[in-house]
Amino acid sequence: MKLLLAGLVLTLIVGAQAQWYRFPGEAARGATDMWRAYGDMKDANWKNSDKYFHARGNYDAARRGPGGRWAATVISDGREMVQGSSGRGHEDSAADQQANRWGRNGGDPNRFRPQGLPKKY
């Protein structure tokens with residue numbers, strides 16, 4: 001009986017701390033944030049705004065929690081890997097990854113905001 005009670009208490013403590021059940025929802029909402037940033041970038045069609053939208057998508061997704069941060073990492077790294085193999089410049093890809101990490105780590109995306117970009121973005 002004591003072993004069963006100890007196992008139940010341990011399960012409750014670990015389960016309350018891990019909150020693993022939230023991860024899939026956070027990841028889905030994080031992926032939606034990334035998609036929204038991509039759509040806004042295409043809609044804005046603003047010169048030199050790429051890094052801003054990279055940072056903003058990662059920032060919004062990471063704020064969802066561990067699942068959102070994971071989604072932002074997977075999507076960003078996957079995108080850069082595909083674009084890198086298409087012959088795009090290494091320097092541009094490295095700059096994109098810097099903006100991705102900046103946003104994912106909680107940095108203000110406005111650091112990369114180009115002058116004159118409409119406020120709706």
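## Notes on a five-helix model

1. Ile 75 makes a good starting point: with a relative accessible area of 34%, this residue is partly exposed. The label follows because partly exposed covers the range between the 20% limit for buried and the 50% limit for exposed. Please keep in mind as you read on that this is a predicted model. Ile 75 belongs to helix H4. Its C-alpha lies 9.3 Å from the C-alpha of Asn 58, and the two residues are 17 apart in sequence.

2. Now a step back to the overall fold. The protein chain contains five helices and zero strands, so read from the N terminus its elements simply go α-α-α-α-α. Of the 121 residues in the protein chain, 33% are buried.

3. Which residues lie nearest the centre of the largest pocket? They are Met 34, Ala 37, Tyr 38, Ile 75 and Arg 79, out of 15 that line the largest pocket. Ile 75, the partly exposed residue of the opening point, is thus one of the residues nearest the centre of this pocket. The space in the largest pocket comes to about 260 Å³.

4. The lining of the largest pocket draws on several helices. At least two residues each come from helix H2 (23-44), helix H3 (50-62) and helix H4 (66-85). H2 gives the largest share, with six residues. Sorted by class, the lining holds eight nonpolar residues, five polar ones and two charged ones.

5. Helix H3 deserves a paragraph of its own. Its 13 residues span 18 Å from the first C-alpha to the last, close to the 18 Å expected at 1.5 Å a residue. H3 is also mostly covered, with ten of the 13 residues buried. Among them are Tyr 52, Phe 53, His 54, Arg 56, Gly 57 and Asn 58, as well as Ala 61 and Ala 62.

6. You may like to look at Lys 51, which sits in helix H3. Is Lys 51 buried or exposed? Its relative accessibility is 19%, so Lys 51 counts as buried, given that the limit is under 20%. In space, the C-alpha of Lys 51 is 9.0 Å from that of Pro 114, although 63 residues separate the two in sequence.

7. Next come the aromatic rings. Four aromatic pairs turn up in a search of the whole structure. One pair joins Tyr 52 and Phe 53, edge-to-face, with 5.0 Å from centre to centre and 70° between the planes. The pair counts as edge-to-face because the planes are over 60 degrees apart. Tyr 52 has 3% relative accessibility and therefore counts as buried; for Phe 53 the relative accessible area is 3%, which means that this residue is buried too.

8. Phe 53 takes part in another edge-to-face pair, with Tyr 121: here the centres are 6.0 Å apart and the angle between the planes is 80°. This pair links distant parts of the chain, since Phe 53 is in helix H3 and Tyr 121 in the segment after helix H5 (90-104), 68 residues apart. Phe 53 and Tyr 121 are both buried. Together, Tyr 52, Phe 53 and Tyr 121 make one aromatic cluster.

9. Two arginines are placed over rings. Arg 113 lies over the face of Tyr 52, 5.0 Å from the ring centre, and Tyr 52 is also a member of the aromatic cluster. The other case involves Trp 102: the charged end of Arg 111 sits over its ring, at 4.2 Å from the centre.

10. Finally, the backbone between H2 and H3 is worth a check on your side. Which residue of this loop has a phi near 50°? That is Asn 45, where the value is positive in a residue other than glycine. Asn 48, found in the loop between H2 and H3 as well, has a positive phi of about 60° and is not a glycine either. Asn 45 has 68% relative accessibility and so counts as exposed. Asn 48 has a relative accessible area of 62%, so this residue is exposed as well. Both labels follow because exposed means over 50%.

Terms used: Residues are numbered from 1 along each chain as its sequence is written. This is a predicted model: local features need pLDDT of at least 70, side-chain atom pairs count only at pLDDT 80 or more; totals for chains, interfaces and linings use all residues. Side-chain values use heavy atoms; hydrogens and water are left out. On a 1 Å grid over the protein atoms alone, a cavity is a set of points where a 1.4 Å probe fits but cannot get out, and a pocket is an open set with protein on both sides within 12 Å along at least five of seven lines; lining residues have an atom within 4 Å of a point. Grid points are joined across faces, edges and corners, and a volume is the space filled by probe spheres set on the points. Helices (H or I, at least four residues) and strands (E, at least two) are DSSP runs, numbered from the N terminus. Ala, Val, Leu, Ile, Met, Phe, Trp, Tyr, Cys and Pro count as nonpolar, Asp, Glu, Lys and Arg as charged, and the others, Gly among them, as polar. Rings of Phe, Tyr and Trp (its six-membered ring) pair if their centres lie within 6.5 Å; planes under 30 degrees apart count as stacked, over 60 as edge-to-face and the rest as tilted. Buried means under 20% relative accessible area, exposed over 50%, partly exposed in between (1.4 Å probe, protein chains only). A charge sits over a ring if NZ of Lys or CZ of Arg is within 6 Å of the ring centre and within 35 degrees of the ring normal. The expected span of a helix is 1.5 Å times one less than its number of residues.
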